[in-house]
Amino acid sequence: MFVPAGQAPAVAFTPAEQAEIRCRTFTGQQVGELSAEQVIETLAAARRIRAHTDAIEAHALARLDELRGGDRYVADEAALELRVSRHTAALRLHRSRQLTRRMPRVLAAMEAGQIEAAAAGRVVEATDTVDDQQARQVDEQLASKLESGRISPTSPANLARAARRLVEHADPDGQAARARQARAGRKVELLPGEDGLSTLTADLPAEVAASAYARIDAMARKQRHRGDARTLDQLRADIHANLLLGQDPGVSVPEAAATVFLHMPINTALGISDTGCELSGYGPLPAPIARHILASENSV
């Protein structure tokens with residue numbers, strides 16, 4: 001169709017939109033001809049496209065779930081199209097339900113290319129234990145922090161930590177009960193892997209897991225300083241296995257090897273308040289759990 005000059009509306013794309021258009025049409029050969037600056041631009045565009053696609057997948061899964069009336073076979077149907085296992089499809093379906101029903105602003109941030117599915121999933125996990133109203137409150141506050149720049153969307157761990165803090169404020173009374181319930185579900189799992197490897201995981205109280213890792217890490221570093229040729233990852237894995245099997249790991253435990261830091265306001269330690277407790281490297285802890293750690297005869 002031909003339109004007389006001056007009558008066709010001008011379509012102006014932002015630099016980011018132009019980069020995304022190019023990214024969608026690039027071939028590997030074309031990328032191989034880009035400059036360093038253009039490659040960085042393309043990486044950012046690919047990330048935004050991926051985040052937007054994750055959001056559309058969430059909308060599509062939630063819509064399929066609605067059309068099928070919440071049928072238990074929705075995950076099986078989705079798994080065929082997504083080419084993932086049924087378990088993975090079920091996890092994505094749960095995330096999609098939570099995002100569309102309880103966290104629309106986090107979902108909007110995904111659509112805008114700011115947050116990918118992995119980070120959104122961490123936020124959803126942090127809010128799984130609160131009711132719909134509290135989840136929406138966390139959603140609003142988290143989105144406001146993102147918009148103001150007080151939280152960066154670049155780190156899923158930081159987003160999850162911020163979400164946990166907001167959950168603590170939204171439902172301070174339920175936090176301790178949820179933590180006790182979660183700690184009662186501690187377990188060890190063996191996950192078969194590929195190429196003769198398997199993964200041994202343990203769901204433990206945060207302070208116990210942090211102490212155990214600090215101890216293994218200190219022993220591995222001590223062995224490394226002695227000239228052991230193994231990498232730190234290999235040393236940590238081998239020492240971990242030796243300790244569990246009751247074998248001599250070949251290195252003694254350094255002094256203060258299992259040190260972790262718990263930060264607690266004095267009024268919370270005295271039971272006057274129930275806020276402000278943080279386990280270094282982990283994030284917020286319920287005050288009753290923090291006071292329990294404080295009162296333990298093995299704590300310093």
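These exercises work through the domains, pockets, sheet and selected residues of a predicted model.

**Exercise 1. Domains**

Task: Find the bounds of the domains, then state how far apart the C-alpha centres of domain 1 and domain 2 lie.

Solution:
- Step 1. The assignment gives domain 1 as 15–184, domain 2 as 187–256 and domain 3 as 259–299.
- Step 2. Take the C-alpha centres of domain 1 and domain 2. They lie 32 Å apart.

**Exercise 2. The largest pocket**

Task: Describe the largest pocket by volume, by lining residues and by the elements that supply them.

Solution:
- Step 1. The volume is about 970 Å³.
- Step 2. The lining holds 29 residues. Nearest the centre of the pocket are E125, A126, R164, A182 and Y282.
- Step 3. Turn to the elements. Helices α7 (117–127), α9 (156–170) and α10 (172–184) each give at least two lining residues, and strand β2 (198–203) does likewise.
- Step 4. Helix α9 makes the largest contribution, with six residues.
- Step 5. Sort the lining by class. There are 15 nonpolar residues, ten charged and four polar.

**Exercise 3. The second largest pocket**

Task: Describe the second largest pocket, and find which domains each give at least three residues to its lining.

Solution:
- Step 1. The space in this pocket is about 540 Å³.
- Step 2. Its lining counts 17 residues, and V260, I293, N298, S299 and V300 are the closest to the centre.
- Step 3. Two or more lining residues come from helix α11 (206–225), and two or more from helix α14 (287–295).
- Step 4. The classes in this lining are ten nonpolar, six polar and one charged.
- Step 5. Now place the lining on the domains. Domain 2 (187–256) and domain 3 (259–299) each provide at least three of its residues.

**Exercise 4. A three-stranded sheet**

Task: Give the strand order of the open sheet of three strands, and explain why β3 and β5 each have one side without a neighbour.

Solution:
- Step 1. The order is β3-β4-β5, and the pairing is antiparallel.
- Step 2. Strands β3 (262–263) and β5 (283–284) are at the edges. Each has a single partner strand, so one side of each lacks a neighbour in the sheet.
- Step 3. Check the pairing of β3 with β4 (residues 278–279). Two bridges join these antiparallel strands.
- Step 4. Look at the register. L262 faces L279 of β4.

**Exercise 5. A threonine in a helix**

Task: Is T42 buried or exposed, and which backbone oxygen lies 2.8 Å from a polar atom of its side chain?

Solution:
- Step 1. Locate the residue. T42 belongs to helix α3 (residues 36–67).
- Step 2. The relative accessibility of T42 is 14%, so the residue counts as buried. The cut-off for buried is under 20%.
- Step 3. The side chain of T42 has a polar atom 2.8 Å from the backbone oxygen of Q38.

**Exercise 6. Two positive phi values**

Task: For R83 and D195, give the phi value, then the loop and the exposure.

Solution:
- Step 1. R83 is not a glycine, yet its phi is positive, near 60 degrees.
- Step 2. The loop that holds R83 runs between α4 (74–82) and α5 (86–102).
- Step 3. R83 has a relative accessible area of 78%, so it is exposed. The cut-off for exposed is over 50%.
- Step 4. D195, also a residue other than glycine, has a positive phi near 55 degrees.
- Step 5. D195 sits in the loop between β1 (187–192) and β2.
- Step 6. D195 counts as exposed, at 79% relative accessibility.

Notes. Residues are numbered from 1 along each chain as its sequence is written. This is a predicted model: local features need pLDDT of at least 70, side-chain atom pairs count only at pLDDT 80 or more; totals for chains, interfaces and linings use all residues. Side-chain values use heavy atoms; hydrogens and water are left out. Two strands pair if DSSP finds at least two bridges between them. Helices (H or I, at least four residues) and strands (E, at least two) are DSSP runs, numbered from the N terminus. On a 1 Å grid over the protein atoms alone, a cavity is a set of points where a 1.4 Å probe fits but cannot get out, and a pocket is an open set with protein on both sides within 12 Å along at least five of seven lines; lining residues have an atom within 4 Å of a point. Grid points are joined across faces, edges and corners, and a volume is the space filled by probe spheres set on the points. Ala, Val, Leu, Ile, Met, Phe, Trp, Tyr, Cys and Pro count as nonpolar, Asp, Glu, Lys and Arg as charged, and the others, Gly among them, as polar. Domain bounds come from an automatic or database domain assignment. Buried means under 20% relative accessible area, exposed over 50%, partly exposed in between (1.4 Å probe, protein chains only). A polar contact is a pair of N or O atoms within 3.5 Å; within protein, one must be able to donate a hydrogen and the other to accept it, and residues adjacent in sequence count only if both atoms are side-chain atoms.
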